[in-house]
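Welcome! Here is a short guided look at one protein model, moving from a helix and its neighbours to cores, salt bridges and cysteines.

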Amino acid sequence: MNPIFEELDYRVTPIGALSLRRRHDLRLGQEVLEIKLGDAFLMSSHFTASEVALARLGLADCRTAAPDVVVGGLGLGYTAATVLEHAHVASLIVVDMLDAVIDWHRDGMLPLGSVLTGDARCRLRQGDFFALAASEAGFDPEQPGRKMDAILVDIDHAPDFLLDQGSAGFYTAEGLAALSRHLKPGGVFGLWSDDPPDAGFTARLAGVFAEARAEPVIFDNPYLGDTVTQTVYIARASGAVAQSDG
């Protein structure tokens, strides 16, 4: 019989204590995997609707035939795995600051690890996504300055609810403009948020990108006995939209 609760790994990181937990949820009647940073829950395998929606909405807006994609934030791997479900995706770079999270996927501790590490299109890169977004070199160490068709981000809880204050500059107009320079003309930026749509942040996106909108993602939360609304923001860089990966 599986234990009701098991801590699979615990690491001290620059932004706090990180733990991977597995527990049998008696209410749901299923096994749940969770990542916690200190006392805060980062991700649960039971609540993945908006992580999946981030990939699907971002790629639906990406009009290139064979897009090159960056995912910022690995977590339990749901956004990255959903990107790879799309056979037309040419390449995927997943950036995560925490070695532990990458190790959990590479070592087979997480169910989607084999999906990500077994797909030749996918590379896992340890690094500070926000520093890379602000840099000239960008996200691909093998091709500095490489521009992408889509950049999808799921790291902080929301634009004004951060895991670490070091990312605060990313959500300013200047930070978003720096990120946009790593997109091809017409490329797509997608951002996950744990909060309902924020008109102020949508307007900030619209001031930087040619198009911007907020897509609410609504799902049931059995613990609350109610629905929860999270958000995927989608924005498009200016310029003509490419029709191939060339």
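The buried residues of helix H3 pack against strands E1 (5-13), E2 (16-25), E3 (30-37), E6 (91-96) and E7 (122-126), and also against helix H4 (113-117). Helices (H or I, at least four residues) and strands (E, at least two) are DSSP runs, numbered from the N terminus. H3 itself covers residues 99-106, and its buried members are Ala100, Val101, Ile102, Trp104 and His105. Here, buried means under 20% relative accessible area, exposed means over 50%, and partly exposed lies in between (1.4 Å probe, protein chains only). After H3 comes Gly108, which has a positive phi near 80°.

A word on the basis of all this: the model is predicted, so local features need pLDDT of at least 70 and side-chain atom pairs count only at pLDDT 80 or more, while totals for chains, interfaces and linings use all residues. Residues are numbered from 1 along each chain as its sequence is written, and side-chain values use heavy atoms, with hydrogens and water left out.

Now to the interior. The largest nonpolar core has 39 residues, and Trp104 is among those with the most contacts inside it, together with Leu18, Val69, Val83, Leu92 and Val94. Such a core is a set of buried Ala, Val, Leu, Ile, Met, Phe, Trp, Tyr and Cys residues joined through side-chain atoms within 4.5 Å. A second, separate core has 25 residues, including Ile151, Tyr171, Leu205 and Ala237. Leu92 touches several residues beyond four places away in sequence, among them Val69, Ala80, Val83 and Cys122; a contact means heavy atoms within 4.5 Å.

Tyr78 belongs to helix H2 (residues 78-84). Its relative accessible area of 23% makes Tyr78 partly exposed. Leaving out residues up to four places away in sequence, Tyr78 touches Met43, Ser45, Thr48, Glu51, Val52 and Leu112.

How many salt bridges does a search of the whole structure find? The search finds 19, each being a side-chain nitrogen of Lys or Arg within 4 Å of a carboxyl oxygen of Asp or Glu. Three of them are listed here.

| Salt bridge | Closest N to O distance |
|---|---|
| Arg11 and Asp9 | 2.8 Å |
| Asp68 and Arg146 | 3.1 Å |
| Glu215 and Arg213 | 2.6 Å |

Asp68 lies in strand E5 (residues 68-72) and Arg146 in the loop between helix H5 (129-134) and strand E8 (148-153), so their salt bridge ties together parts that are 78 residues apart in sequence. Asp68 is buried at 10% relative accessible area, and Arg146 is buried at 15%. In the pair of Arg11 and Asp9, Arg11 is partly exposed at 27%, whereas Asp9 is buried at 17%. Glu215 is partly exposed at 24%, and Arg213 is partly exposed at 29%. Salt bridges with shared partners also join Asp68, Arg123, Asp140, Glu142, Arg146, Asp149 and Lys184 into one network.

Last come the cysteines. The whole structure has zero disulfides, a disulfide being a pair of cysteine sulfur atoms within 2.5 Å. Why is there no bond for Cys62? Its sulfur is 16 Å from the closest cysteine sulfur, in Cys122, which is too far. Cys62 is buried with a relative accessible area of 9%, and Cys122 is buried at 11%.
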